[in-house]
Amino acid sequence: MPRTPSRPLARPLSNPLGIAAALAGAVAAAAVAQPAQAQEGQERCYGITRAGENLCENAFQGHSCAGQATQDFHGGDWVLVPAGTCEEMQGALEPYDGINDTPPA
Amino acid sequence: MLREVQRSVRTALLGGDPAAAEALVAGNAVAAAERLLVHRNNAQLSLIGVLAADFPVTRRIVGADFFTAMARQFVFAHPPLRPELLAYGGELPDFIAGFPPARPLPYLADVARLEAAVKGSYFAADAVSLRPADLAGLQDEVAAELVLALHPSVRIVASPFPILTLHRANRADRAAVGRVDTTAPGETVLVSRIAAEVTLDAIGPGDAAFLTAVGAGRPLIDAAAAACLADPAFDLQASLTLHLVHGTFAGTGSRGWPHRQDLSP
Amino acid sequence: MPATSATIPRRAGLGLRQPHMADFLAGPQPVAWLEVHSENHLADGGPRNATLAALRRDYPVSCHGVGLSLGSVGGLDRTHLARLRALHDWLEPGLVSEHIAWSVAEDGAYLNDLLPLPYTEEALGVLCRNIDQAQTAFARQILVENPSSYVTFAQSTLAEWQFIAEVMARTGCGLLLDVNNIHVSAHNTGFDADAYLDAVPLGAVGEIHVAGHTLHRFTGGDLLIDSHDRPVSDAVWRLLATALARTGPVPVLVERDSEVPPLADLLAEVAAAQALLDRAAETKALTDAA
């Protein structure tokens, strides 16, 4: 999305004339603007194409997840602590502790 | 009998006592309990896997172990009530907000809300955005009473925390970008999928109020008033320009036009 | 929207998965037809369905449902039936299939796994009533797939093949014969796969599935898991050949759902399935001539 011009205008928005003028100005400005392709500062989300899939195969993998699940489950007294590090990064990235900051009081 | 089978297996699969189901299952060398375990793991791991795929930023923030444990509790409390996993996980943000172990990360629920919005936007209906020429040459009264439809993929997520910055810093497909100041001012995010990809843009409070009013079917003059109330510096022309270029609007009508769009994730 | 004929040819097809969508969009692939999981396309819009719409112009498509829960004692979800019907109206699939299983509990919880039914007269009644309802809602015949079994119930009074034969006889639905499931269930529940093929109503077979499985060790023994994460095993190829020798050519689908390899690897499996289909066609031609 294009950057918002930071010019506060004291335009009288409470009357129809102001609305029409703003709209006409926007139509003229937008007509010559570039479409929203790869704007600077825009976040684009990839990697969600597998979102929410129903599969008919079995998720059960050929290793010890059965035993692990049993432990997770019947223990009941484990303490949950958010890790706050990128352990999924397969070592390709540096440890990241940015979001593990002490939250605001 | 079939009722009893399905009730007991459901209990065994989602965190309950498996004894009743085990008693119904024939075992031999491999015990009944272990046979049922195959289905229990299928059910739990597949649903947790769906949440992990749909909330990658939330997962990266808390780590895989925490996420899996939290997601499992969520699956027990909120199993999908429709067999469509494209729509699963919408209640996870509220669940996180009330999940005591996540309390040290007060922004986590809003980050998850942003991810839920991304998922909703991705699978939302397609529409052709309005072009500037579609709105050219309107009379004063017509312009003031104009009702715009938002693109069906538009979602707005507001938070007292810097959720877009947190999202950007914790994308699984990107390198770490350094520390994030979680005490920085809150951010409101416009989520949309105008072209093939979902995009996230920070918007100001005036713009958020404006789009929310437009989405509620309010005419431009009312939406502009709501925006000015939220932010006295709101610039209608700048906002309209932005959204015409972005493709935020996808239809027109006039006051009373029966449409109302829910922009919540 | 569809440009290609809806009819699924009696040839080898492939289950369409996300990682290969770009390959299929890039150019024609040597695959006679595609199958999708219906529930993955129950979206209002978005890139995934746009891709499917584009591919549907070039390939016949089969809709394989995984969430209807035909075995649910509480009956079928009417909203889901309507959503699937709308998908069928859009895609015009050549075949519509589901499973002999349940996945929705009485309280409406969707368990996302294909769960086993006891083989009893009661379960037969529930399953047949639900299949009737689905065939009415879709205004077409459906195929139902034989399950992969890990669990059997002490209360069962029928063998799986008897149960399946009754379902076909009572509802007029077709059989989606998954020969990997036969192999997996034979190992896990102790029956003979060839005897199973002798007993099921092969005349009702409208499609065959092949896929890979994984051996998992438990304390007292091992189970074969229907994991769809590796190539089709030799034993399963043999079962496919045996089945095709009796059914003659029918649509055969190669499925891979996890650890999905590059498309080329799966095209080799599709070609292998096609070779068996070609041989079955020759045999049938010779038999017919004699």
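1. How much area do chain C and chain B bury between them, and what share of it is on carbon and sulfur atoms? Together the two chains bury about 4000 Å², with 59% of that area on carbon and sulfur atoms. Please keep in mind as you read on that this is a predicted model.

2. Let me start with who takes part. Chain C brings 49 residues to the contact and chain B brings 39 residues. Between these chains, 22 residue pairs are in polar contact, both partners being at pLDDT 80 or more. On the side of chain C that touches chain B, the elements giving two or more residues are the helices α2 (47–56), α3 (78–91) and α4 (121–138), along with the strands β6 (110–115), β8 (152–153) and β12 (222–225). The biggest giver on this side is β6(C), with six residues. Sorted by residue class, this side of chain C holds 23 nonpolar, 16 polar and ten charged residues.

3. Next, the charged pairs. The rule finds five salt bridges across the interface of chain C and chain B, and over all chains the count comes to 20. C:Glu106 sits in the loop between β5 (102–104) and β6 of chain C, while B:Arg7 belongs to helix α1 (residues 2–13) of chain B, so this pair joins two chains. C:Glu106 and B:Arg7 form a salt bridge whose closest N and O atoms are 2.9 Å apart. If you want one pair to look up on your screen, you could start there.

4. The backbone takes part in the pairing of these chains too, as a strand match shows. Strand β1 (residues 25–26) of chain B is joined to β8(C) by two bridges, and the two strands run antiparallel. Within this match, B:Val25 has C:Phe153 of β8(C) as its bridge partner. The strand β8(C) is also among the elements that give two or more residues to the side of chain C touching chain B.

5. Inside chain C, strand β1 (residues 12–15) has two pairings worth a look. Three bridges link β1(C) to strand β13 (residues 252–254) of chain C, and these strands run parallel; here C:Gly13 is partnered with C:Leu253. Two bridges link β1(C) to strand β2 (residues 34–37) of chain C, again in parallel, and C:Gly15 stands opposite C:Glu35 of β2(C).

6. Finally, the layout of chain B. Its division is into domain 1 (1–105) and domain 2 (126–265). Taken over C-alpha atoms, the centres of domain 1 and domain 2 of chain B are separated by 36 Å.

Definitions and conventions
Residues numbered from 1 in each chain as written. Chains lettered and ligands numbered in written order. Predicted model: local features only at pLDDT ≥ 70, side-chain atom pairs only at ≥ 80, totals over all residues. Heavy atoms only, no water. Contact = heavy atoms within 4.5 Å. Buried area = accessible area lost by both parts, 1.4 Å probe. Salt bridge = Lys/Arg side-chain N within 4 Å of Asp/Glu carboxyl O. Polar contact = N/O pair within 3.5 Å; in protein donor to acceptor, adjacent residues only side chain to side chain. Helix = DSSP H or I, 4+ residues; strand = E, 2+ residues; numbered from the N terminus. Nonpolar A, V, L, I, M, F, W, Y, C, P; charged D, E, K, R; others polar. Pairing = 2+ DSSP bridges. Domains from an automatic or database assignment.
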